[in-house]
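Here's a quick briefing to read alongside the structure you're about to see. Have the viewer open so you can click through the residues as you go.

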Amino acid sequence: MTYIRTKIEDLLKKATAQAVKDAVAAGAFQIETQPDVQLEVPREAKFGDYSTNVAMQLPKQAHMAPRKIAEAVVEQLQEDEALGKWVSKIDIAGPGFINFTLNPAWHYEVIDEVESMGKDYGRTEGHKGQTYNLEFVSANPTGPMHIGNARGGAIGDVLAEIAAWTGYDVTREFYVNDAGNQIAKFGDSLDARFKQALGLDVPFPEDGYHGKDIMERVQAYIAEKGGADQVRGMLDMDEAERKQELTKYALNVNLKQMHEDMAKYGVHYDVWFSEQSMYDDGEIERALNLLKDKGATYEKDGATWFKTTDYGCEKDDVLIRKNGLPTYFMGDIAYHLNKLQTRKFDQAVNVWGADHHGHIARLKAAIRAAGEDDSRLHVVIMQLVRLIKDGEPIRMSKRQGKAIGLSELLSMVGTDAARVFFNLRSPDSHFDFDLDLALQESNENPVFYVQYAHARICSILRRLGGEVDLDAKADLTLLTHPKELELLDVISELPNTIVQAERKNDPSRMVHYAQDLASAFHAFYNDCRVQVDDAKLMHARLKLILATRQVLENVLGILGVSAPESM
């Protein structure tokens, strides 16, 4: 599907490029290199619907002032009959911008597009046939998911949906960190609480997990096994075996809770990938041997090192410690080679916290060393978020067990508010999540503002829908009010907004679009009555709000947010 707005933009670009060639052929000026024609939407309506700076790219080649070049190009453009259908005026502004004002009639095709495509309006196929793996949240399964995980869940799930709307075959993935140092600390914490639960006076590890969930897991395990007397014999077990038993039990409980919490959040993963599985299946060893075969490693002080500095990084990194255990970095290399080489995803996208920023360059270096194109890996860095209540930040510490978990947050503000608020800003922006604002029923609350637009449309349709045959063709040329055309303008922007959100890995663009669409509708509602005596005009306006409702539903669906019919 090529949307009307895309057709017009393509026409303007091709016509302008041809006009430059024709101006050269007519002797107006001479150039050696044909410029790349770019369009932008002017900030002020008086400068038209589109503008190009093509004439300002040519003065050095043409040895002519840009405005003179623009005049020669416009002279050729005005001879282009194909532009006549869509362009009502071409003029020059400032030092040489060429501005195009469109015939308003193009707007009416937007309603036809929405009607014909329905719930698929906005989809494009630029990435059709390509596979896309999005790994996000991937919290250590050592305790409840916290606010950082909540933001990552909202960002990742919307990014995945955006990618699917641009044609990708998307796989949502959760990387389960069920191996390594954090799991060892988890086992130490469980073991200490287990001994304490059986009456032993033992110290708790300073770097252990202090949350109450650790004791809850131990108590649940003891109860499940029949009580303290039934498990007391475990104190005589080999310490490593006891820790392994307790860890396995607690991990299963925590992972089940993670599944449930993410489902409540509207996030459903296609793959839960176990880190431990790479050790069990030999993936770690295969990745290490590959790097060795490529000459990208060396031995020093009993450890195996990656020649990171050979790939533009500041220092080399250990892959295998001198005790024979792989580092976190080695595991991460194996995991990403599994994505790119074994499972052969065309694109692998990770949503990481800001504390992982320094890890990106060395991981990409390892991917290049293994013979893969590191441009297939994209990392979306997510900054921290503060929870604000009564104007004050809420202090949190996950390790001390004082963090507000995802489940608790959802019970406070609901899934819709959480998903929208966490995407109000681009992922790389710090922001404050105002819990009080998230609960307000006011225009200042972006969730309420957008959902109310949908509910208001549904109310109008319930009241007036029976007065006309909504399936019949309406005379859309009656839609001439500026607020009607502005609303159609915003509707037409959805496909490109989705494409740009995917290119920039920025789901906040979808929230901003939803707000813009709701704002355009509310402005239309205030200035243009739908229930009017002119039956034909009422029919046309009902068609317009039907299209608006559909597009609101589509964008709210991308955000994973409900579209209530009444509020």
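What follows is a short tour of a cavity, a helix and some aromatic rings. Keep in mind that this model is predicted. A search of the whole structure turns up 1 cavity of 30 Å³ or more, and there are 20 aromatic pairs to look through.

**The cavity**

- Rolling a probe the size of a water molecule over the atoms reveals where empty space is left.
- The largest cavity has a volume of about 60 Å³.
- Which elements give two or more residues to its lining? They are helix H17 (446–464), helix H20 (508–527) and helix H21 (535–559).
- H17 provides the largest share of that lining, with 4 residues.
- If you want to find the spot, the lining residues include Val 420, Pro 446, Val 450, Gln 451, Ala 514, Leu 556 and Val 561.
- As for chemistry, the lining splits into 9 nonpolar residues and 2 polar ones, with no charged residues.

**Helix H4**

- Now jump to helix H4, which covers residues 107–117.
- Its buried residues are His 107, Tyr 108, Val 110, Ile 111, Glu 113, Val 114 and Met 117.
- What covers them? The cover includes helix H1 (4–25), helix H18 (482–492) and H21.
- H21 may ring a bell, as this helix also gives two or more residues to the lining of the largest cavity.
- Just after H4 comes Gly 118, with a positive phi of about 55°.

**Aromatic pairs**

- To describe a pair of aromatic rings, you give the distance of the centres and the angle of the planes.
- Take Tyr 175 and Phe 273: their rings are 6.2 Å apart, centre to centre, with 35° between the planes, and the pair counts as tilted.
- Tyr 175 sits in strand S5 (residues 169–176) and Phe 273 in strand S6 (residues 271–274), so this pair ties together parts that are 98 residues apart in sequence.
- Are these two residues buried or exposed? Both Tyr 175 and Phe 273 are buried.
- There's a cluster to look at as well: ring pairs link Phe 136, Phe 174, Tyr 269 and Trp 272.

**Charges over rings**

- Arg 362 has its charged end over the ring of Phe 329, 4.2 Å from the ring's centre.
- Arg 419 does something similar with Tyr 265: its charged end sits over that ring, 5.9 Å from the centre.

Technical notes:
Residues are numbered from 1 along each chain as its sequence is written. This is a predicted model: local features need pLDDT of at least 70, side-chain atom pairs count only at pLDDT 80 or more; totals for chains, interfaces and linings use all residues. Side-chain values use heavy atoms; hydrogens and water are left out. On a 1 Å grid over the protein atoms alone, a cavity is a set of points where a 1.4 Å probe fits but cannot get out, and a pocket is an open set with protein on both sides within 12 Å along at least five of seven lines; lining residues have an atom within 4 Å of a point. Grid points are joined across faces, edges and corners, and a volume is the space filled by probe spheres set on the points. Ala, Val, Leu, Ile, Met, Phe, Trp, Tyr, Cys and Pro count as nonpolar, Asp, Glu, Lys and Arg as charged, and the others, Gly among them, as polar. Buried means under 20% relative accessible area, exposed over 50%, partly exposed in between (1.4 Å probe, protein chains only). Contact means heavy atoms within 4.5 Å. Rings of Phe, Tyr and Trp (its six-membered ring) pair if their centres lie within 6.5 Å; planes under 30 degrees apart count as stacked, over 60 as edge-to-face and the rest as tilted. A charge sits over a ring if NZ of Lys or CZ of Arg is within 6 Å of the ring centre and within 35 degrees of the ring normal.
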